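Here is a short report for a first look. Please keep the sequence and the 3D view at hand while reading.

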Amino acid sequence: AEALIQEQILGTIQQKAPEQSIFMRLARKLPNMTSKQTRVPVLDMLPMAYWVNGDTGFKQTSQQAWDNVYLIAEELAVIVPIPEAVVDDASFDIMGEVEPRIVEAIGNRVDQAIIFGINQPSGWAADIITRARQAGNNIAPGSTPDYYDLILGENGVFAKVEDDGYAVNGVVAATGMKAKLRGIKGSDGHPIFKNDMQGTTQYALDGAPMYFPQNGAFDTAVAQMVAGDYSQAVWSIRQDITVKILTEGVIQDPTTKEIVYNLAQQDMVALRVVFRMGWALPNPATRMDEDRTGCPFAYLEPASAVATK
């Protein structure tokens, strides 16, 4: 039975993890890492060309330079202890019920750490929200927001990304943004964004598809939406998701070090899942951002609270 359970989970959990994580689905996947640290050369200085003055003028020289960006593999893991009696007596597949929740948790933690910096490993670089804010690519709605201008206007979220030389190819937003978009109306009172009452609504802004994560990772206290060129962000796997069924040993509390479970003595099994990955936002030099101070992402901050008497 143990072999069957392990095979069942190993065959599906690897494929489902990128589907649960919106970042892993949109960003560019690099080949698997061969060590804890992987170096990615990034263009740091662009060469220039010069007009030659006259027939005998001197031709000038220029340089091109590269910088190094590193992907650091960090570990994501969990142990789920289950009494053997429960596994034996259950009328349904216990391990099959645990699996989708583990996949969901992996997607949640990956998106929270990379996009919002929540519980981010110490070895990783700054998260996407922090990088966008440092580049000045954050928009505050104010007390009476005009969401059309805030998103697609001259100084909106999309314009921030475009001013740094990138094109928005994806938007990740909180589910509450759907209602805000449906409520945008023109001067004639009709909705600006069309609705097809007979088919599935495909949310998109200026040709960029929108995604509304259901894994609980989107932090509405920080942003309403995060738009950008997600192909500029890269991620790589150091160790594929591995699943092991533990039948012996003890499980300790990480803080107090007290023994919480003794698997052999309490007739329990534990499902241990381990996953290691790294990510980076190389931000190479471009003709529109030669000093690399820009960012391929921008975000819309939460609406300001309305003052009450």
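## Around Val 226

In this predicted model, Val 226 touches residues from several stretches of sequence, not counting residues up to four places away. Its contacts include Ile 115, Ile 128 and Ile 129. Gly 170, Val 171 and Val 172 also touch Val 226, as do Phe 218, Phe 297, Ala 298 and Tyr 299.

## Two nonpolar cores

Val 226 belongs to the largest nonpolar core, which has 43 residues. Together with Phe 23, Val 226 has the most contacts inside this core. Elements that each supply at least two residues include helix 2 (22-26), helix 5 (128-134) and strand 10 (234-246). Helix 4 gives the largest share, 10 residues.

Another core lies apart from this one. It has 23 residues, among them Phe 158, Val 168, Ala 173 and Leu 300.

## A mixed sheet

Six strands form an open sheet with mixed pairing. Their order is 5-14-9-6-8-7. Strand 5 (138-139) and strand 7 (204-205) each have a single partner strand, so one side of each lacks a neighbour in the sheet.

Strand 7 runs antiparallel to strand 8 (residues 208-211), and two bridges join them. Ala 204 stands opposite Pro 209 in strand 8.

## A buried arginine

Arg 292 sits in the loop between strand 13 and strand 14. Is Arg 292 buried or exposed? Its relative accessibility is 18%, so Arg 292 counts as buried; the cut-off is under 20%.

The side chains of Arg 292 and Asp 67 share a polar contact of 3.3 Å. Beyond its neighbours within four places in sequence, Arg 292 is also in contact with residues including Val 42, Leu 43, Asp 44 and Pro 282.

Definitions and conventions: Residues numbered from 1 in each chain as written. Predicted model: local features only at pLDDT ≥ 70, side-chain atom pairs only at ≥ 80, totals over all residues. Heavy atoms only, no water. Core = buried A, V, L, I, M, F, W, Y, C linked by side-chain atoms within 4.5 Å. Buried < 20%, exposed > 50% of the residue type's maximum accessible area, 1.4 Å probe, protein only. Helix = DSSP H or I, 4+ residues; strand = E, 2+ residues; numbered from the N terminus. Contact = heavy atoms within 4.5 Å. Pairing = 2+ DSSP bridges. Polar contact = N/O pair within 3.5 Å; in protein donor to acceptor, adjacent residues only side chain to side chain.
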